[in-house]
Amino acid sequence: MNASTTTTDPSSSAGPLAGLRVLDLAHLLPGEFAAMWLGDLGADVIKVEVPEVADSRQLAIPRDPANPYRAALNRNKRSLTLNLKDPRGPEILRRLVATADVLLEGFRPGVMDRLRVGYDALRAVNPRLVYCSISGFGQDGPYRLRPGHDSNYLALAGLLAFNRGSDDRPHLLPVQLADVGGGAMPAVVAILAALIARQQTGEGQYLDVAMLDGALAWTYLLLPLSRHPALADLGAGIGMLTGDALCYNVYETKDGRYLSLAALEPKFWRAFCDAIQRPDLLPHALNTGKGAAQRLANLRALFKTRTLAEWLSLLDPEETCIAPLLTLDEMMDDPQVVHRDQIFTDDFGTPHARFPARFSDTPASVRRGAPHPGQHTLEILLELGIDQDEVTRLRAEGVVSCAAT
(Lines give C-alpha, C1' and ligand atoms only; values in the text may rest on other atoms or scores of the structure.)
Protein backbone atom coordinates (compact mmCIF):
# COMPACT_ATOMS: atom_id res chain seq x y z
CA MET A 1 0.00 0.00 0.00
CA ASN A 2 1.52 3.27 -1.13
CA ALA A 3 -0.44 5.92 0.75
CA SER A 4 1.12 9.05 2.16
CA THR A 5 1.08 9.43 5.92
CA THR A 6 -0.44 12.61 7.28
CA THR A 7 0.37 13.95 10.71
CA THR A 8 -2.54 16.26 11.40
CA ASP A 9 -1.61 19.89 11.79
CA PRO A 10 -4.12 22.42 13.18
CA SER A 11 -1.89 25.26 11.91
CA SER A 12 -1.97 24.18 8.24
CA SER A 13 -3.06 26.74 5.65
CA ALA A 14 -6.63 27.98 5.81
CA GLY A 15 -9.12 26.60 3.31
CA PRO A 16 -11.81 28.53 1.40
CA LEU A 17 -14.31 28.15 4.28
CA ALA A 18 -11.91 29.32 7.01
CA GLY A 19 -13.74 31.49 9.52
CA LEU A 20 -17.05 29.65 9.19
CA ARG A 21 -18.40 27.47 11.99
CA VAL A 22 -20.46 24.35 11.30
CA LEU A 23 -22.41 22.41 13.92
CA ASP A 24 -22.67 18.72 13.03
CA LEU A 25 -25.66 17.07 14.71
CA ALA A 26 -26.06 14.59 11.87
CA HIS A 27 -25.05 11.33 13.65
CA LEU A 28 -25.42 9.29 10.43
CA LEU A 29 -23.37 8.89 7.25
CA PRO A 30 -24.94 11.52 4.93
CA GLY A 31 -24.65 14.47 7.30
CA GLU A 32 -21.37 13.33 8.83
CA PHE A 33 -19.84 13.07 5.35
CA ALA A 34 -21.14 16.52 4.37
CA ALA A 35 -19.77 18.08 7.57
CA MET A 36 -16.42 16.37 7.02
CA TRP A 37 -16.09 17.90 3.57
CA LEU A 38 -16.95 21.34 4.96
CA GLY A 39 -14.20 20.75 7.52
CA ASP A 40 -11.75 19.75 4.78
CA LEU A 41 -12.56 23.09 3.15
CA GLY A 42 -11.49 24.96 6.28
CA ALA A 43 -14.65 25.34 8.39
CA ASP A 44 -14.49 24.88 12.15
CA VAL A 45 -16.75 21.83 12.49
CA ILE A 46 -18.07 21.02 15.95
CA LYS A 47 -19.53 17.53 16.23
CA VAL A 48 -22.34 17.67 18.79
CA GLU A 49 -22.92 14.14 20.07
CA VAL A 50 -24.50 12.29 22.95
CA PRO A 51 -22.43 12.01 26.16
CA GLU A 52 -21.25 8.51 26.99
CA VAL A 53 -23.23 8.55 30.25
CA ALA A 54 -26.46 9.45 28.45
CA ASP A 55 -26.08 7.12 25.49
CA SER A 56 -28.46 4.22 25.99
CA ARG A 57 -28.74 3.31 22.32
CA GLN A 58 -26.11 0.54 22.55
CA LEU A 59 -24.29 1.87 19.51
CA ALA A 60 -23.03 -0.90 17.26
CA ILE A 61 -20.13 1.26 16.08
CA PRO A 62 -17.44 2.07 18.67
CA ARG A 63 -16.90 5.79 19.13
CA ASP A 64 -13.13 5.48 19.43
CA PRO A 65 -11.30 7.52 16.74
CA ALA A 66 -9.23 4.43 15.94
CA ASN A 67 -12.41 2.81 14.66
CA PRO A 68 -12.27 3.08 10.83
CA TYR A 69 -15.90 4.19 10.48
CA ARG A 70 -15.51 7.06 12.96
CA ALA A 71 -12.11 7.97 11.54
CA ALA A 72 -13.44 8.01 7.99
CA LEU A 73 -16.26 10.48 8.70
CA ASN A 74 -14.97 12.73 11.45
CA ARG A 75 -11.61 14.19 10.50
CA ASN A 76 -11.33 17.97 10.86
CA LYS A 77 -13.95 18.03 13.62
CA ARG A 78 -13.99 18.95 17.29
CA SER A 79 -16.26 16.96 19.58
CA LEU A 80 -18.69 18.46 22.08
CA THR A 81 -20.86 15.99 23.97
CA LEU A 82 -24.26 17.40 24.90
CA ASN A 83 -27.41 15.77 26.28
CA LEU A 84 -30.20 17.56 24.43
CA LYS A 85 -32.85 15.76 26.50
CA ASP A 86 -31.70 17.65 29.58
CA PRO A 87 -33.19 21.18 29.59
CA ARG A 88 -29.71 22.67 29.91
CA GLY A 89 -28.55 20.91 26.73
CA PRO A 90 -30.69 22.93 24.29
CA GLU A 91 -29.73 26.12 26.13
CA ILE A 92 -26.03 25.39 25.59
CA LEU A 93 -26.73 24.55 21.94
CA ARG A 94 -28.52 27.88 21.48
CA ARG A 95 -25.47 29.68 22.84
CA LEU A 96 -23.35 27.75 20.39
CA VAL A 97 -25.72 28.52 17.51
CA ALA A 98 -25.25 32.23 18.18
CA THR A 99 -21.61 31.74 17.07
CA ALA A 100 -22.33 29.42 14.12
CA ASP A 101 -22.93 29.78 10.39
CA VAL A 102 -24.30 26.31 9.55
CA LEU A 103 -26.15 23.56 11.41
CA LEU A 104 -26.48 20.07 9.94
CA GLU A 105 -28.91 17.54 11.42
CA GLY A 106 -30.06 14.09 10.36
CA PHE A 107 -32.97 13.26 12.66
CA ARG A 108 -36.43 12.26 11.50
CA PRO A 109 -38.76 15.21 10.85
CA GLY A 110 -40.07 16.73 14.07
CA VAL A 111 -37.34 15.50 16.41
CA MET A 112 -35.39 18.76 16.53
CA ASP A 113 -38.59 20.72 17.16
CA ARG A 114 -39.45 18.44 20.08
CA LEU A 115 -35.99 19.11 21.51
CA ARG A 116 -36.69 22.87 21.18
CA VAL A 117 -33.85 23.33 18.68
CA GLY A 118 -35.78 23.33 15.40
CA TYR A 119 -35.19 25.92 12.70
CA ASP A 120 -37.71 28.49 13.97
CA ALA A 121 -36.29 28.35 17.50
CA LEU A 122 -32.69 28.68 16.36
CA ARG A 123 -33.40 31.32 13.71
CA ALA A 124 -34.62 33.53 16.55
CA VAL A 125 -31.18 33.16 18.10
CA ASN A 126 -29.21 33.63 14.86
CA PRO A 127 -31.06 34.87 11.74
CA ARG A 128 -27.92 34.28 9.65
CA LEU A 129 -27.91 30.55 10.40
CA VAL A 130 -28.05 28.12 7.45
CA TYR A 131 -29.95 25.14 8.88
CA CYS A 132 -29.75 21.94 6.82
CA SER A 133 -31.91 18.88 7.57
CA ILE A 134 -31.00 15.63 5.80
CA SER A 135 -33.66 12.92 5.93
CA GLY A 136 -34.75 9.95 3.90
CA PHE A 137 -37.89 11.40 2.35
CA GLY A 138 -37.91 15.07 3.26
CA GLN A 139 -39.90 17.14 5.72
CA ASP A 140 -43.28 16.63 4.06
CA GLY A 141 -45.20 14.03 2.09
CA PRO A 142 -46.70 10.64 2.97
CA TYR A 143 -43.29 9.02 3.59
CA ARG A 144 -41.83 11.81 5.77
CA LEU A 145 -41.73 9.67 8.95
CA ARG A 146 -40.85 6.39 7.27
CA PRO A 147 -37.47 4.89 8.25
CA GLY A 148 -35.15 3.92 5.45
CA HIS A 149 -31.63 3.25 4.29
CA ASP A 150 -29.63 3.60 1.09
CA SER A 151 -31.03 0.62 -0.80
CA ASN A 152 -34.62 1.69 0.01
CA TYR A 153 -34.10 5.10 -1.62
CA LEU A 154 -32.40 3.54 -4.65
CA ALA A 155 -35.26 1.05 -4.93
CA LEU A 156 -37.92 3.76 -4.89
CA ALA A 157 -35.92 5.87 -7.36
CA GLY A 158 -36.03 3.04 -9.90
CA LEU A 159 -32.27 2.60 -9.89
CA LEU A 160 -32.09 -0.85 -8.28
CA ALA A 161 -34.67 -2.31 -10.66
CA PHE A 162 -32.60 -1.00 -13.55
CA ASN A 163 -29.31 -2.27 -12.14
CA ARG A 164 -29.52 -5.77 -13.64
CA GLY A 165 -26.87 -7.86 -15.33
CA SER A 166 -27.09 -10.82 -17.66
CA ASP A 167 -28.61 -12.91 -14.84
CA ASP A 168 -31.64 -10.54 -14.89
CA ARG A 169 -31.41 -10.02 -11.11
CA PRO A 170 -31.20 -6.58 -9.44
CA HIS A 171 -27.84 -6.06 -7.75
CA LEU A 172 -26.95 -3.91 -4.75
CA LEU A 173 -24.21 -1.32 -5.17
CA PRO A 174 -20.93 -1.53 -3.20
CA VAL A 175 -21.21 2.12 -2.11
CA GLN A 176 -24.00 4.16 -0.55
CA LEU A 177 -25.04 6.12 -3.63
CA ALA A 178 -28.21 7.58 -2.12
CA ASP A 179 -26.55 8.43 1.22
CA VAL A 180 -23.49 10.15 -0.23
CA GLY A 181 -24.46 11.06 -3.80
CA GLY A 182 -28.09 11.80 -2.93
CA GLY A 183 -27.71 13.17 0.59
CA ALA A 184 -24.24 14.43 1.52
CA MET A 185 -23.29 15.99 -1.81
CA PRO A 186 -26.56 17.86 -2.42
CA ALA A 187 -26.35 19.10 1.18
CA VAL A 188 -22.87 20.53 0.62
CA VAL A 189 -23.97 22.21 -2.63
CA ALA A 190 -27.10 23.62 -0.99
CA ILE A 191 -25.18 24.89 2.05
CA LEU A 192 -22.58 26.65 -0.09
CA ALA A 193 -25.32 28.18 -2.25
CA ALA A 194 -27.19 29.37 0.86
CA LEU A 195 -24.01 30.95 2.22
CA ILE A 196 -23.57 32.85 -1.05
CA ALA A 197 -27.22 33.96 -0.91
CA ARG A 198 -26.64 35.14 2.66
CA GLN A 199 -23.96 37.50 1.41
CA GLN A 200 -26.68 39.22 -0.63
CA THR A 201 -29.58 39.11 1.84
CA GLY A 202 -27.87 38.99 5.23
CA GLU A 203 -30.25 36.15 6.16
CA GLY A 204 -29.78 32.42 6.55
CA GLN A 205 -32.39 29.88 5.48
CA TYR A 206 -33.72 26.37 5.96
CA LEU A 207 -32.57 23.54 3.66
CA ASP A 208 -34.64 20.37 3.29
CA VAL A 209 -32.47 17.63 1.71
CA ALA A 210 -34.19 14.29 1.02
CA MET A 211 -32.12 11.28 0.00
CA LEU A 212 -34.92 9.96 -2.21
CA ASP A 213 -34.88 13.29 -4.08
CA GLY A 214 -31.10 13.01 -4.36
CA ALA A 215 -31.34 9.45 -5.68
CA LEU A 216 -33.87 10.61 -8.28
CA ALA A 217 -31.29 13.12 -9.50
CA TRP A 218 -29.09 10.17 -10.54
CA THR A 219 -31.68 9.22 -13.14
CA TYR A 220 -30.50 12.28 -15.10
CA LEU A 221 -30.10 10.22 -18.31
CA LEU A 222 -32.23 7.16 -17.58
CA LEU A 223 -35.48 9.15 -17.52
CA PRO A 224 -34.91 11.09 -20.76
CA LEU A 225 -33.58 8.03 -22.59
CA SER A 226 -36.53 5.91 -21.47
CA ARG A 227 -38.79 8.28 -23.44
CA HIS A 228 -36.65 8.24 -26.60
CA PRO A 229 -38.60 6.60 -29.45
CA ALA A 230 -35.72 4.31 -30.35
CA LEU A 231 -35.17 3.18 -26.76
CA ALA A 232 -38.66 3.16 -25.27
CA ASP A 233 -38.99 -0.63 -25.56
CA LEU A 234 -35.79 -1.35 -23.64
CA GLY A 235 -36.48 -3.12 -20.37
CA ALA A 236 -34.72 -2.85 -17.04
CA GLY A 237 -31.10 -3.89 -17.22
CA ILE A 238 -30.96 -3.75 -21.01
CA GLY A 239 -28.58 -1.44 -22.75
CA MET A 240 -25.19 0.13 -22.80
CA LEU A 241 -24.67 0.72 -19.06
CA THR A 242 -25.68 -2.68 -17.74
CA GLY A 243 -23.52 -5.23 -19.52
CA ASP A 244 -25.05 -5.90 -22.94
CA ALA A 245 -22.90 -3.67 -25.16
CA LEU A 246 -19.64 -5.06 -26.52
CA CYS A 247 -17.90 -1.69 -26.37
CA TYR A 248 -18.86 -0.88 -22.75
CA ASN A 249 -18.39 -3.88 -20.53
CA VAL A 250 -16.28 -5.75 -18.01
CA TYR A 251 -14.47 -8.88 -19.20
CA GLU A 252 -12.80 -11.69 -17.29
CA THR A 253 -9.25 -12.61 -18.32
CA LYS A 254 -7.39 -15.92 -18.38
CA ASP A 255 -5.99 -15.46 -14.88
CA GLY A 256 -9.34 -14.67 -13.27
CA ARG A 257 -8.81 -10.91 -13.28
CA TYR A 258 -11.11 -8.38 -14.97
CA LEU A 259 -10.70 -5.58 -17.45
CA SER A 260 -12.98 -2.61 -18.13
CA LEU A 261 -13.55 -1.66 -21.75
CA ALA A 262 -15.29 1.67 -22.46
CA ALA A 263 -14.66 2.23 -26.16
CA LEU A 264 -17.78 4.34 -26.71
CA GLU A 265 -16.50 6.67 -29.39
CA PRO A 266 -16.04 5.13 -32.88
CA LYS A 267 -12.31 5.88 -32.94
CA PHE A 268 -11.73 3.94 -29.72
CA TRP A 269 -13.91 1.02 -30.82
CA ARG A 270 -12.11 0.87 -34.16
CA ALA A 271 -8.72 0.86 -32.41
CA PHE A 272 -9.91 -1.99 -30.17
CA CYS A 273 -11.22 -4.06 -33.10
CA ASP A 274 -7.97 -3.47 -34.96
CA ALA A 275 -5.90 -4.55 -31.94
CA ILE A 276 -7.79 -7.84 -31.56
CA GLN A 277 -8.00 -8.30 -35.35
CA ARG A 278 -11.80 -8.49 -35.39
CA PRO A 279 -13.02 -6.02 -38.05
CA ASP A 280 -16.30 -7.98 -38.18
CA LEU A 281 -17.24 -6.45 -34.80
CA LEU A 282 -17.02 -2.85 -36.01
CA PRO A 283 -20.78 -2.51 -36.75
CA HIS A 284 -21.75 -4.11 -33.44
CA ALA A 285 -20.35 -1.84 -30.74
CA LEU A 286 -23.72 -1.58 -28.95
CA ASN A 287 -24.53 -5.24 -29.75
CA THR A 288 -28.19 -4.97 -30.67
CA GLY A 289 -30.25 -7.12 -33.00
CA LYS A 290 -29.76 -10.64 -34.26
CA GLY A 291 -26.85 -12.60 -32.83
CA ALA A 292 -26.22 -10.19 -29.91
CA ALA A 293 -26.01 -12.88 -27.24
CA GLN A 294 -23.61 -14.99 -29.27
CA ARG A 295 -21.36 -12.03 -30.10
CA LEU A 296 -21.08 -11.14 -26.41
CA ALA A 297 -20.35 -14.75 -25.48
CA ASN A 298 -17.66 -14.96 -28.18
CA LEU A 299 -15.95 -11.77 -27.00
CA ARG A 300 -16.04 -12.96 -23.39
CA ALA A 301 -14.41 -16.20 -24.51
CA LEU A 302 -11.74 -14.25 -26.40
CA PHE A 303 -10.82 -12.22 -23.32
CA LYS A 304 -10.27 -15.47 -21.39
CA THR A 305 -7.47 -16.46 -23.79
CA ARG A 306 -4.98 -13.93 -22.33
CA THR A 307 -3.99 -12.79 -18.87
CA LEU A 308 -4.74 -9.31 -17.61
CA ALA A 309 -1.08 -8.32 -18.05
CA GLU A 310 -1.11 -9.60 -21.63
CA TRP A 311 -4.24 -7.65 -22.48
CA LEU A 312 -2.83 -4.49 -20.93
CA SER A 313 0.29 -4.97 -23.03
CA LEU A 314 -1.73 -5.48 -26.22
CA LEU A 315 -4.34 -2.74 -25.73
CA ASP A 316 -3.17 0.84 -25.43
CA PRO A 317 -5.26 2.69 -22.76
CA GLU A 318 -4.86 5.92 -24.71
CA GLU A 319 -6.32 4.35 -27.85
CA THR A 320 -8.95 1.91 -26.59
CA CYS A 321 -10.26 3.22 -23.23
CA ILE A 322 -9.35 0.23 -21.06
CA ALA A 323 -8.52 -0.13 -17.39
CA PRO A 324 -7.87 -3.07 -15.05
CA LEU A 325 -10.28 -3.67 -12.17
CA LEU A 326 -7.99 -2.89 -9.24
CA THR A 327 -8.37 -4.03 -5.68
CA LEU A 328 -8.33 -1.27 -3.07
CA ASP A 329 -4.71 -2.08 -2.21
CA GLU A 330 -3.74 -1.97 -5.88
CA MET A 331 -5.57 1.33 -6.29
CA MET A 332 -3.44 2.89 -3.56
CA ASP A 333 -0.32 1.87 -5.50
CA ASP A 334 -1.59 3.07 -8.88
CA PRO A 335 0.85 5.61 -10.41
CA GLN A 336 -1.83 8.24 -11.05
CA VAL A 337 -3.27 7.97 -7.52
CA VAL A 338 0.23 8.11 -6.03
CA HIS A 339 1.17 11.11 -8.17
CA ARG A 340 -1.95 13.02 -7.13
CA ASP A 341 -1.43 11.99 -3.47
CA GLN A 342 -5.16 11.41 -3.10
CA ILE A 343 -4.90 8.67 -0.46
CA PHE A 344 -3.37 9.25 2.97
CA THR A 345 -3.27 7.36 6.25
CA ASP A 346 -4.15 9.01 9.54
CA ASP A 347 -2.33 8.68 12.84
CA PHE A 348 -4.15 5.40 13.53
CA GLY A 349 -3.18 3.89 10.17
CA THR A 350 -6.63 4.27 8.62
CA PRO A 351 -6.53 5.18 4.91
CA HIS A 352 -8.61 8.13 3.68
CA ALA A 353 -9.43 9.73 0.34
CA ARG A 354 -8.66 13.44 0.25
CA PHE A 355 -11.15 16.12 -0.77
CA PRO A 356 -11.51 15.62 -4.54
CA ALA A 357 -10.73 19.11 -5.84
CA ARG A 358 -7.61 21.25 -5.97
CA PHE A 359 -7.57 24.94 -5.04
CA SER A 360 -4.73 27.11 -6.29
CA ASP A 361 -4.84 29.55 -3.35
CA THR A 362 -6.95 28.11 -0.50
CA PRO A 363 -6.45 24.34 -0.54
CA ALA A 364 -8.53 21.82 1.35
CA SER A 365 -6.52 20.15 4.08
CA VAL A 366 -6.60 17.70 6.96
CA ARG A 367 -5.89 19.66 10.12
CA ARG A 368 -6.94 17.12 12.73
CA GLY A 369 -8.02 13.51 12.96
CA ALA A 370 -11.31 12.16 14.26
CA PRO A 371 -11.87 13.19 17.90
CA HIS A 372 -12.72 11.13 20.94
CA PRO A 373 -16.32 11.85 22.03
CA GLY A 374 -16.15 14.94 24.22
CA GLN A 375 -12.49 15.60 23.45
CA HIS A 376 -13.15 19.32 22.96
CA THR A 377 -16.09 19.80 25.30
CA LEU A 378 -14.15 21.84 27.85
CA GLU A 379 -12.44 23.91 25.16
CA ILE A 380 -15.72 24.77 23.38
CA LEU A 381 -17.66 25.55 26.56
CA LEU A 382 -14.91 27.85 27.77
CA GLU A 383 -15.08 29.61 24.38
CA LEU A 384 -18.79 30.21 25.06
CA GLY A 385 -17.96 31.85 28.38
CA ILE A 386 -19.08 28.95 30.57
CA ASP A 387 -16.65 28.79 33.48
CA GLN A 388 -14.76 25.76 34.72
CA ASP A 389 -16.93 25.30 37.82
CA GLU A 390 -20.11 25.19 35.72
CA VAL A 391 -18.52 22.71 33.32
CA THR A 392 -17.68 20.51 36.29
CA ARG A 393 -21.32 20.62 37.44
CA LEU A 394 -22.64 19.90 33.95
CA ARG A 395 -20.28 16.98 33.67
CA ALA A 396 -21.24 15.55 37.06
CA GLU A 397 -24.93 15.75 36.17
CA GLY A 398 -24.55 14.05 32.78
CA VAL A 399 -25.30 17.09 30.61
CA VAL A 400 -21.84 16.89 29.00
CA SER A 401 -18.82 14.60 29.13
CA CYS A 402 -15.16 15.35 28.64
CA ALA A 403 -12.84 12.76 27.13
CA ALA A 404 -9.46 12.07 28.70
CA THR A 405 -6.96 11.89 25.81
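Select Arg78 and Glu383 to begin: their side chains meet in a salt bridge, with N and O 2.8 Å apart. Keep in mind that this is a predicted model. Now colour the two elements involved. Arg78 sits in strand β4, and Glu383 sits in helix α17. The two residues are 305 residues apart, so the pair links distant parts of the chain.

**Stop 1: around Glu383**

Show the surface around Arg78. Arg78 is buried, with a relative accessible area of 5%. Do the same for Glu383. This residue is partly exposed, at 43%.

Keep Glu383 selected and add Arg21. What joins Arg21 to Glu383? A salt bridge does, and its closest N and O atoms are 3.2 Å apart. Arg21 belongs to strand β2, residues 21-25, while Glu383 belongs to helix α17, residues 377-383. Here the partners are 362 residues apart. Is Arg21 buried or exposed? Arg21 is buried, with a relative accessible area of 13%.

Now add Asp44 and Glu379 to the selection. Together with Arg21, Arg78 and Glu383, these residues are linked in a network of salt bridges. Across the whole structure, a search finds 19 salt bridges.

**Stop 2: Arg75 and Asp40**

Clear the selection and pick Arg75 and Asp40. Their side chains form a salt bridge, 2.6 Å from N to O. Arg75 lies in the loop between α2 (68-73) and β4 (77-81). Asp40 lies in helix α1, residues 29-40. The pair therefore ties together parts that are 35 residues apart in sequence.

How buried are the two partners, by relative accessible area? Arg75 is buried, with a value of 3%. Asp40 is buried too, with a value of 1%.

**Stop 3: helix α1 against helix α8**

Stay with α1 and add helix α8, residues 177-201. The two helices pack at an angle of about 45 degrees. Their axes are 8 Å apart. That angle makes α1 oblique to α8. Turn the view to look at the crossing: α1 passes α8 in a right-handed crossing.

Which residues make this contact? On the α1 side, select Leu29, Pro30, Phe33, Ala34, Trp37 and Leu38. On the α8 side, select Asp179, Val180, Ala184, Met185, Ala187, Val188, Ile191 and Leu192.

**Stop 4: the cysteines**

A disulfide is a covalent bond between the sulfur atoms of two cysteines. How many disulfides does the structure hold? It holds zero.

Select Cys273 and Cys247 to look at one case. The sulfur of Cys247 is the nearest cysteine sulfur to that of Cys273, and it is 9.3 Å away. The cut-off for a disulfide is 2.5 Å, so Cys273 is in no disulfide. Cys273 is buried, with a relative accessible area of 0%.

Then select Cys132. This cysteine is also buried, with a relative accessible area of 0%.

**Last stop: the whole chain**

Zoom out and switch to a cartoon view. The secondary structure comes to 18 helices and twelve strands. Colour by burial next. Of the 405 residues of the chain, 43% count as buried.

Finally, consider contacts along the sequence. Take the contacts in the chain with a separation of 6 or more. Residues 24 or more positions apart account for 72% of them. To finish, return to Arg78 and Glu383, the pair that links strand β4 with helix α17.

Definitions and conventions: Residues are numbered from 1 along each chain as its sequence is written. This is a predicted model: local features need pLDDT of at least 70, side-chain atom pairs count only at pLDDT 80 or more; totals for chains, interfaces and linings use all residues. Side-chain values use heavy atoms; hydrogens and water are left out. A salt bridge is a side-chain nitrogen of Lys or Arg within 4 Å of a carboxyl oxygen of Asp or Glu. Helices (H or I, at least four residues) and strands (E, at least two) are DSSP runs, numbered from the N terminus. Buried means under 20% relative accessible area, exposed over 50%, partly exposed in between (1.4 Å probe, protein chains only). Axes are lines fitted to C-alpha atoms, for helices over the stretch in contact, and angles run from 0 to 180 degrees between N-to-C directions. Angles under 35 degrees count as roughly parallel, over 145 as roughly antiparallel, 65 to 115 as roughly perpendicular and the rest as oblique. A crossing is left-handed if the near helix is turned anticlockwise from the far one by less than a right angle, and right-handed if clockwise. Contact means heavy atoms within 4.5 Å.
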